[in-house]
Amino acid sequence: MQITVTVNGEACTREIEPRLLLIHFLRDDLGLTGSHWGCDTSNCGACVVWLDGTPVKSCTVLAAMADGHRVRTVEGMAAPGRLDPVQEGFARCHGLQCGFCTPGMMLTARWLLDRNPRPTAEEIREALSGQVCRCTGYENIVRAVQWAARHEADGRAAGPDGAGPGTASPATTASEVTR
Amino acid sequence: MQVPAQVEYEKAASVEHALALLDRYGPAARVLAGGHSLIPMMKLRLAQPETLVDINGLTELAYLRAADGELRIGALTRHAELLGSAAAGAHFAILHDAERVIADPVVRNWGTIGGSLCQADPSEDLSAAFAALKATMVIRGPDGTRTVPAREFHTAPYETVVAPGELLTEIRIPIRPGGGSAYEKVGRRVGDWPVGAAGVAIWLAGDTITDAGIGLTAVGARHFAAAEAEDFLRGAAASEENFARAGEIAAEHCRPVSDQRGPAAYKRHLAAELTARALRRAAGRARGEVT
């Protein structure tokens with residue numbers, strides 16, 4: 001069957017088998033290997049992507065179910081030349097060790113902050129509770145999300161017209177953070 | 001690597017279209033909603049449908065409405081939507097109690113209420129919650145709509161009265177004043193199926209229990225309910241002593257089995273203790289003492 005999925009803003013049309021899982025469609029058919037294929041049982045959350053604006057576990061969604069819908073992966077988080085504040089928080093606060101869980105963690109964290117810009121540590125832990133860090137680096141993951149929340153709040157306060165997150169934040173380029 | 005076996009796939013555009021597709025493909029077709037139970041089972045070849053009828057496009061089945069003395073929940077409502085519904089929480093705290101401990105937030109974003117009920121896992125939390133609330137299931141088929149009480153919906157583990165060619169479309173819960181409800185669950189870890197769980201809905205007149213509904217899951221309770229304990233409570237005083245006795249009666253009538261989640265004796269203990277705790281909290285809510 002033929003499907004068209006809008007991935008990170010770009011319409012992608014492919015011929016697929018109906019049994020193809022969304023995670024394999026993203027990784028193997030589209031070459032977007034940022035989403036990780038982990039436990040295969042919807043427990044670990046390494047495969048989390050957004051489907052129509054909501055985080056889902058893509059090892060348990062058929063690619064066919066995304067036909068006609070929007071998907072956002074970690075490749076779609078950063079603006080050109082500038083990391084998303086969540087990505088920057090993970091880099092600054094050492095929110096990753098091996099990095100396997102990181103794309104899913106960041107996508108769920110982004111979703112949380114969009115709905116709840118100043119979450120408590122408990123709310124962050126609850127939001128990420130369906131995702132496993134095999135390095136057990138949870139403390140720094142929580143710090144990374146808190147960093148992003150603070151950064152975005154400061155950006156909003158400093159903004160000339162109360163602009164939302166990402167628009168009024170001090171610019172940080174990807175190269176500055178990853179250097 | 002786990003992948004489902006080859007399968008045909010059809011996207012339903014309306015309830016009528018879904019019913020036509022189910023009719024065309026027959027008993028080897030399965031309805032695909034959130035897929036968070038069906039797809040893992042297909043990966044393990046525990047389910048091997050020939051055709052999937054995807055109903056995720058049926059937005060007409062995704063709703064929560066409180067009107068005319070009932071809460072109506074569309075079968076395609078996601079767990080997260082039920083948990084996020086202020087109306088559902090205001091009328092039936094038990095539903096929010098239960099949803100908070102079902103799977104995890106990301107799974108709740110996509111898994112559906114109707115899918116959980118039709119999966120009919122013997123440890124399903126919502127089966128106990130809806131049994132406690134004495135909900136009604138609305139099923140559509142080629143010959144029209146029929147309604148089935150929640151306690152007659154499940155016929156065996158992983159089996160329901162929904163026949164091939166039929167679709168669960170709605171769950172209705174009567175809204176009755178003077179009540180309170182609560183859900184208590186013990187699991188091995190966050191997001192797991194329960195080792196045991198109890199849900200309670202209770203109605204008080206002063207300090208007398210006028211009616212009670214008790215749901216149990218994962219402990220082998222008939223129809224996910226504790227009818228004998230309900231009978232004991234009706235007309236009794238809403239006291240600690242009676243709550244404990246109701247828990248004992250509930251435990252006596254369930255038939256838990258030992259498995260990887262725990263021994264039968266422990267599950268029986270949980271049935272008693274969690275029933276008593278849920279009664280206590282539900283009564284507190286009915287009196288407006290606890291939230």
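**Burial, sheets and contacts in a predicted model**

Colleague: What makes Ala18(B), Leu21(B) and Leu22(B) in H1(B) count as buried?

Modeller: A residue is called buried if 20 or more other C-beta atoms lie within 10 Å of its own, exposed if 12 or fewer, and partly exposed in between, with C-beta atoms placed from the backbone. In H1(B), Ala18(B), Leu21(B) and Leu22(B) are buried, so each of them meets the limit of 20 or more. The three residues lie on the same side of H1(B), because the arc they cover around the axis is only 100 degrees. That arc is taken from the directions that run from the helix axis to the C-beta atoms. In general, an α-helix has 3.6 residues a turn, so residues three or four places apart point the same way.

Colleague: On what kind of model do these statements rest, and with which limits?

Modeller: This is a predicted model, in which local features need pLDDT of at least 70 and side-chain atom pairs count only at pLDDT 80 or more, while totals for chains, interfaces and linings use all residues. Residues are numbered from 1 along each chain as its sequence is written, and chains are lettered from A and ligands numbered from 1 in the order in which they are written.

Colleague: Which residues does the face of H1(B) turned away from its buried side carry?

Modeller: That face carries the exposed residues Glu16(B) and Arg24(B). Just after H1(B), Gly26(B) has a positive phi of about 75 degrees.

Colleague: Why is H8(B) described as mostly covered?

Modeller: Helix H8 (residues 125-132) of chain B has 8 of its 8 residues buried. Among them are Asp125(B), Leu126(B) and Phe130(B). After H8(B) comes Lys134(B), with a positive phi near 50 degrees.

Colleague: What makes S2(B) and S3(B) a pair?

Modeller: Two strands pair if DSSP finds at least two bridges between them. S2(B) and S3(B) are joined by 4 bridges in the parallel sense, so the requirement is met. One of these strands, S3(B), holds Thr51(B), the bridge partner of Ala29(B). The elements themselves are DSSP runs numbered from the N terminus: helices (H or I) of at least four residues and strands (E) of at least two.

Colleague: Why do S1 and S2 of chain B stand at the edges?

Modeller: The open sheet of 3 strands has the order S1-S3-S2 (chain B), with parallel pairing. S1 and S2 of chain B each have a single partner strand, so one side of each is left without a neighbour in the sheet. From one strand to the next, the twist averages 25 degrees. H1(B) packs on this sheet, where it touches S1, S2 and S3 of chain B, and its direction makes about 175 degrees with that of S3(B). Such angles run from 0 to 180 degrees between N-to-C directions, with axes fitted as lines to C-alpha atoms, for helices over the stretch in contact.

Colleague: How do you know that S6 and S10 of chain B pair?

Modeller: Strand S6 (residues 136-141) and strand S10 (residues 167-174) of chain B share 5 bridges in the antiparallel sense, so they satisfy the demand for at least two. Val138(B) stands opposite Glu170(B) in S10(B). H1(B) packs on the sheet and touches S6 and S10 of chain B, at about 130 degrees to the direction of S10(B).

Colleague: In which order do the strands of the open sheet of 5 strands run?

Modeller: The order is S4-S5-S10-S6-S7 (chain B), with antiparallel pairing. Strands S4 (64-67) and S7 (144-149) of chain B are the edge strands, as each pairs on one side only.

Colleague: How many residues does the contact take from chain B and from chain A?

Modeller: The contact takes 23 residues from chain B and 24 residues from chain A, where two residues are in contact if their C-beta atoms, placed from the backbone, lie within 7 Å. H6(B) gives the largest share of the chain B side, 5 residues. That side divides into 13 nonpolar, 7 polar and 3 charged residues. Here Ala, Val, Leu, Ile, Met, Phe, Trp, Tyr, Cys and Pro count as nonpolar, Asp, Glu, Lys and Arg as charged, and the others, Gly among them, as polar.

Colleague: Into which domains is chain A divided?

Modeller: Chain A has domain 1 (2-76) and domain 2 (85-178), with bounds that come from an automatic or database domain assignment. Their contact takes 14 residues from domain 1 of chain A and 11 residues from domain 2 of chain A.
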